[in-house]
Amino acid sequence: MAALVAAEAAAPPGPAEAGEAAEAEAAELSRALSRLLPGLEADSKLGRRRALEALQRALEAARPEAPEAEPAAFQGPWARLLLPRLLRCLADPAERCRALAAHLLGLGLRRAARPRDALPRLLPALAARLAGPDPARRAPPEACEELRLALVQLLRLAVGLCGAALAPHLDDALRVLRCTLRDPFAAVRRESCECAAGLARATPDHFHMQSESLIAPLMQTISHQHWKVRVAVIEATGTVIQFGNGKSVDDVLPHFAQRLFDDVPQVRQAVTGVVGGWLLDLRDRYSFFPKLIPLLLSSLDDEMPEIAHAAAGLWEKVGLQWQQENEEDLKDKLDFASPPPAHHPSPETRPGLGCRELVFRNLSKILPAICHDITDWVVGTRVKSAQLLVVLLRHAEDHATQHLEVVLRTLVHACADDERAVVSSCARAAELIGAFVSPDVCLRLMWPMLKKSPSASGLLVLASVIRGCPRDALQPHLKAIATELAHAHISQGAENRVYAESLLLCVRALVAVCCEDCRGSSLQLMEVLVTVLAFAGSTGLGDEVQETMAALAAVNGGDSQDLYREHVGPLLEWLAGSHQDWTVHSAELLQFNALVTQAGPALGAALPRLVPVLRSCLQPTRDPQMRLTLFSVLSRVLLRAKETLDSRGQFHSYLDTMVTDILVPNLQWHAGRTSAAIRTAAVSCLWALISSEVLSATQIQDVQGTLMPPILTTLEEDSQATRLTSCRIIRVVLKASGGAIDPDKFIKIYPELLKRLDDVSNDVRLAAASALVAWLQCPRKDPGKSQSQSDIQHLYRELLVYLDDTESTVQDAVLEVLKAGSVLFPDLLVTETEAVMHKHRSPAYCEQLLQHVQTRASAQ
């Protein structure tokens, strides 16, 4: 019996008993509130605050024994007594009272059985405190930031508790949010964003009719300085449009696109997530594909791996969903799926069919915007557009063919950008075009552009296309490409460094892709390389040209010299066609100089083509500056004549032409500094030829009759270098002649050399003395002693004067000359020496000379 009584006591009360308990509790709560509520009407702030604090303690401490009855019991007193007075307190002059009222309203909403019943009074009251008549110009009625935040939190609580019941009061709620989304306090804006998203989810059937009114304030806040606010705005915008009017997407997209450049990764991640969500779930998403796809694909190249990975995952889902939704349309492609192209740059990461089809079907609508933005004045926009173009081409594959002209024109323009990231992305895009589009189509569009306006950017695009092409597809076009690149209108722009680099890239790409197939086009490629090498002095690309040439030689199975040996003849013939019109400014002259300088031993086999060009271009009637340039090149080659011009031992056949038709005409005296410089250059070439040891004594004897008269005239040149070199040449010629010079011409040499002993340069004086030694030694090989005694006596007398020179080096040199000449007429020399010895400052040199003569006489 006791157990039965206990069970009955423990059993839950029935409906009637619960109702009675709720009524009793409501009556008790009403009595308790009646004692506290009069304090809310007190005149003093302190009295009202104490009353509110007492209410707070009462509500927070109230824990009825039957919790399930609490909301019903609380509902009546709350709606009848507490709610109206608390709403009035929201306008209390005391800030603390308003804060307590907002807190108590939140407690009341949570405890009430039917919180939606409070909405008709609560929403207007919140609107009165938060929504001013002109939120853009005037501050809201509630001045305290923390209180505005509390009121927005109260609104968010009402949205969460009441849900769809807010529909009749949507006007007031949206009016509040339109103001609070522009609030100066960042926390209020963030809370407003959360509230707007909650309101959209709670009232989807009615919200879409008024959702557009929130877009403007949201977009005004999307660039807020706090990144957390920007994230909240982006996420709220996504929800508002998801449950609202899809037409607002057009108003939002420009702002979202700008947020993709945000410095904070969380902001970019929020944009990626929202756009991906729209592509998956937005009701009208098909009509917005051309605008939403670029935003999501732009995130695939984000610098943060997390964002790029999230974007890739969303894009894959979008493609799969679209593929499933259009399965009938894609039936053939699904049933007979084609493998990735054999030359696909990355077949393991090839996008799915749905993703590829989405891009292909919307490409015509996306490309115009990209082509516009890739030339934008903002660097970030250009970089993103170039990256996006790469992604689109990777998806479009061979479908890009129908848009190829626009894409190529855009790439040529963009590759001239100063930003390396833009150029790099455009080069990758061009490589993809090469991989997916037939070279025949690409080249048919590229050549007109390059012929009309050759540019470094156009050549860079061409090089990238070539680099992306498969070898078997490019091979039939190899000869045509090499020939076009070698044409003067393209290759001769290489004087600009950037242009030359792009031209080199084209050759490197051809060699890298076609390898051994380049053998048949190596002549045309050498023409290009020689042209770039010709301008290497101004571009600084000499090393790069040599590396490219070595690569070309390697695929031909040899080295650079093998290329020159094979092609130096045709290359000279190619250049010689216009040599009659060359000037110092001619590109062909630079090409000729580069070829002659670099060909090395290959020149030995090209003399039949080389010498006629030199003879024609070095005539005195041609451009003086051009002749100076050619003489400079010729002297460098002649210095290594054994390794260059005479590498095959055939140079002797052209010696007479070199001396008679090339050097001697340019040694003739003409007025002017330029003519003097040419004579100096010609003398330098002659010295290089003679000192290179390629000429035998017999060959020198053959030309000495032609050379000696003009060389003697150059001893009077203003240029010290010319006079010095001329003395050296005379010395060598005299030594090689062996006394075989015509006596009349021979006797005219020493007076000119004697004049040089008075030269202002000691180097010239010493060289003249050395030449006089050679002149005096010639008669020893001539038993007839063709020189007359009177000439030798005159020479002795003149030399004895210089034996007392102030320069000891000159005295030593003259002493050697007199010693060499003492073998001719020793007695005469002794007589002349003794006659002047007393006139010298020091008789030491005269005594040495006399001693030498006596010693020689005793020895004989």
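The lining of the second largest pocket in this predicted model is made up of eight nonpolar, three polar and five charged residues. This pocket has a volume of about 490 Å³, and among the 16 residues that line it, those that lie nearest its centre are Cys415, Arg420, Val423, Leu460 and Val498. Three elements each give two or more residues to this lining, namely helix 21 (420-436), helix 23 (456-468) and helix 27 (497-514).

The largest pocket, for its part, holds about 640 Å³ of space. It is lined by 23 residues, and Ala257, Pro294, Leu295, Ala369 and Asp373 are the closest to its centre. Here the elements that contribute two or more residues to the lining are helix 13 (249-259), helix 15 (285-298), helix 18 (353-373) and helix 19 (379-396). Sorted by character, the lining residues of the largest pocket comprise 13 nonpolar, four polar and six charged ones.

Two of the helices just named are also joined by a pair of charged side chains. Asp250 and Lys291 form a salt bridge, with 2.6 Å from N to O, and this pair connects distant parts of the chain, since Asp250 belongs to helix 13 and Lys291 to helix 15, 41 residues apart. How far are the two partners exposed, given that a residue is called partly exposed between the limits of 20% and 50% relative accessible area? Asp250 has a relative accessible area of 36% and is therefore partly exposed, and Lys291 also counts as partly exposed because its value is 40%.

A second salt bridge brings together the side chains of Arg268 and Glu303, at 3.6 Å from N to O. Because Arg268 lies in helix 14 (residues 265-281) while Glu303 lies in the loop between helix 15 and helix 16 (305-325), the pair ties together parts that are 35 residues apart in sequence. Is each partner buried or exposed? Arg268, at 3% relative accessibility, falls under the 20% limit and so counts as buried, whereas Glu303, with a relative accessible area of 65%, is over the 50% limit and is therefore exposed.

A third example stays within one element. Glu405 and Arg409 form a salt bridge in which the closest N and O atoms are 3.7 Å apart, and both residues lie in helix 20 (residues 404-414), separated by four residues, or about one turn of the helix. Both partners are partly exposed, Glu405 at 48% relative accessibility and Arg409 with a relative accessible area of 44%. Elsewhere, Glu716, Arg723, Arg756 and Asp759 are joined into one network by salt bridges that share partners. In general, side chains of opposite charge can pair when their charged atoms come close, and the count of salt bridges in this model comes to 40.

Helix 5 offers a last stop, this time for its length and its cover. At 1.5 Å a residue, the 17 residues of helix 5 (residues 95-111) should span 24 Å, and because its end C-alpha atoms are 25 Å apart, the expected and the modelled spans agree. How many of the 17 residues of helix 5 are buried? The helix is mostly covered, with twelve of them buried. Among these buried residues are Cys97, Leu100, Ala101 and Ala102, as well as Leu104, Leu105, Gly106 and Leu107, and two arginines, Arg98 and Arg111, are buried in helix 5 too.

How values were computed: Residues are numbered from 1 along each chain as its sequence is written. This is a predicted model: local features need pLDDT of at least 70, side-chain atom pairs count only at pLDDT 80 or more; totals for chains, interfaces and linings use all residues. Side-chain values use heavy atoms; hydrogens and water are left out. On a 1 Å grid over the protein atoms alone, a cavity is a set of points where a 1.4 Å probe fits but cannot get out, and a pocket is an open set with protein on both sides within 12 Å along at least five of seven lines; lining residues have an atom within 4 Å of a point. Grid points are joined across faces, edges and corners, and a volume is the space filled by probe spheres set on the points. Ala, Val, Leu, Ile, Met, Phe, Trp, Tyr, Cys and Pro count as nonpolar, Asp, Glu, Lys and Arg as charged, and the others, Gly among them, as polar. The expected span of a helix is 1.5 Å times one less than its number of residues. Buried means under 20% relative accessible area, exposed over 50%, partly exposed in between (1.4 Å probe, protein chains only). A salt bridge is a side-chain nitrogen of Lys or Arg within 4 Å of a carboxyl oxygen of Asp or Glu.
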